[in-house]
Amino acid sequence: MQNITSYIQTHKNTFLNELIDILKIPSVSADSNYKDDVFKTANLIAKRLEQAGCDFVELCPTQGFPIVYGEKIIDPNLPTILVYGHYDVQPADPIELWDSDPFTPVIKTTPLHPEGAIFARGACDDKGQAYMHIKALEFMTSTNQLPCNVKFMIEGEEEVGSVNLATYVKNNKEKLANDIILISDTGMIAKDTPSITTGLRGLSYVEVEVTGPNRDLHSGLYGGAVANPINILAKMIASLHDDNNKITIPGFYDNVEALSKQERLEMAKAPFSLENYKAALDIKDVYGEKGYTTNERNAIRPTLDVNGIWGGYIGEGAKTVIASKAYAKISMRLVPNQNWENITTLFKTHFEAIAPKSVTVNVTPHHGGQGYVTPTNTIAYQAASKAYETTFGKAPIPQRGGGSIPIVSLFEQELNSKTILMGFGLDSDAIHSPNEHFGVFNFLKGIETIPYFYKYFSEMYK
Ligand code: BES
Ligand code: MN
Ligand code: MN
């Protein structure tokens, strides 16, 4: 690839400043207070795609936030890469735990990032990673090195379940036709250890409401004689795992794919230090399903976690009260072959069944999605592998990821396309957490590596 490193050297400050402009707009899709900002971000992304050399760019309206679509078709006989990303971000709260304002991006050095990291909500997930693709395109078009057709689809509702994108994909199959889908919305093992994410977990997300008496009660007058919904909810949640940390919902594991000994041995080869893992999180020990390693627990095994729980009095001081209601938000991470809608039903049936008569339980499903496994015997995988080898000087390690991008399995179902996940984030980037950041090194390395994927994929495709 001619001049990619010098191109990056010349333009890196511009790239960073442009990304900072995008990070300044608080495009929080979950919070309606930011509605205008989400639209503003879509407009800015569209403008940047045009500047990067797309021949056609449009904002596709949906019932929610628009999908930014752009393309550059140079020859219908050449392969087509579809790049997917998202310009919406997670809410920034708890805001008081940020060292700087989440929407006033700053570049600071850290022990891991002596060349600097950009601190802002969305820096890594996914504005920074999506922007690498726009800059890689700009490099290829401006130096006449684009080897194939490219389509961009950057959405604004990934963090809230991609419901409108699913409809859009179903209605635009021909427009979105492609030979491979390329996504940077995951991570890699370490700064000097590139990896290709070969799997994503599925998700079922539910909210539960437990109702006891018809009003909040004096905990002295009634305490001990009526069910306390918070006590009951805590008990019900605790019962969802057994002593081995297996999930107790009947049928939950029915379709879980068991990895062979060989596959597990292969997985265990990835560099990993349990000591560093614990130190990074300030924990004395890890915790999880018996019989599995930490890396297995967070990638190839399903989980159930309470994401939030509330009810009763949480203000200053003490108030003696038995609340009428208690609530929790619960997510289940699923592995391939587990059907998320089926799991949601199993959860609902079980949770209602274990409730004592003294309360009523309401389970409301939120969103969900299927898991995904990337095949490794494809030219896309080989091309990605060779691209990393070129820019990192070593072959990437295949690694199953624990997170979810539910739309990926829908892409396969509706567009009949495979996805290649070239993530450049690190676990320490604190995505979804306070002080999210993205290493300048990672950002630039992504811009450098992507054009090689285009090159090798197009060459191997012939
Ligand atoms: N980019 C993440 C998913 C991710 C991160 C996968 C790191 C693998 C490694 C994505 O934006 C995300 O946060 N997805 C949500 C699911 C969505 C339906 C809200 C998730 O995984 O919680
Ligand atoms: Mn993301
Ligand atoms: Mn996310």
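This passage describes the domain arrangement and a manganese site of a predicted model. Local features required pLDDT of at least 70 and side-chain atom pairs pLDDT 80 or more, whereas totals for chains, interfaces and linings use all residues. Residues are numbered from 1 along each chain as its sequence is written, and ligands are numbered from 1 in the order in which they are written.

The protein chain comprises domain 1 (4-200 + 371-461) and domain 2 (203-256 + 302-368), with bounds taken from an automatic or database domain assignment. Their centres, taken over C-alpha atoms, lie 36 Å apart. Nine residues from domain 1 and five residues from domain 2 form the contact (heavy atoms within 4.5 Å). About 540 Å² is buried between the two domains, 56% of it contributed by carbon and sulfur atoms; buried area is the accessible area (1.4 Å probe) that two parts lose on being put together, summed over both. Gly371, Ser404 and Pro406 supply 46% of the area that domain 1 buries against domain 2, more than any other three residues. Zero salt bridges were found across this interface (a side-chain nitrogen of Lys or Arg within 4 Å of a carboxyl oxygen of Asp or Glu).

The manganese ion (ligand 2) is coordinated at 2.0 to 2.5 Å by His86 (NE2), Asp125 (OD) and, twice, Asp185 (OD); donors are N, O and S atoms within 2.8 Å of the metal (3.2 Å for Na, K and Ca), and water is not among the atoms, so sites may look incomplete. The donor residues follow the spacing H-x38-D-x59-D in sequence. Asp125 also coordinates the manganese ion (ligand 3), which lies 3.6 Å from the manganese ion (ligand 2).

Definitions and conventions: Side-chain values use heavy atoms; hydrogens and water are left out.
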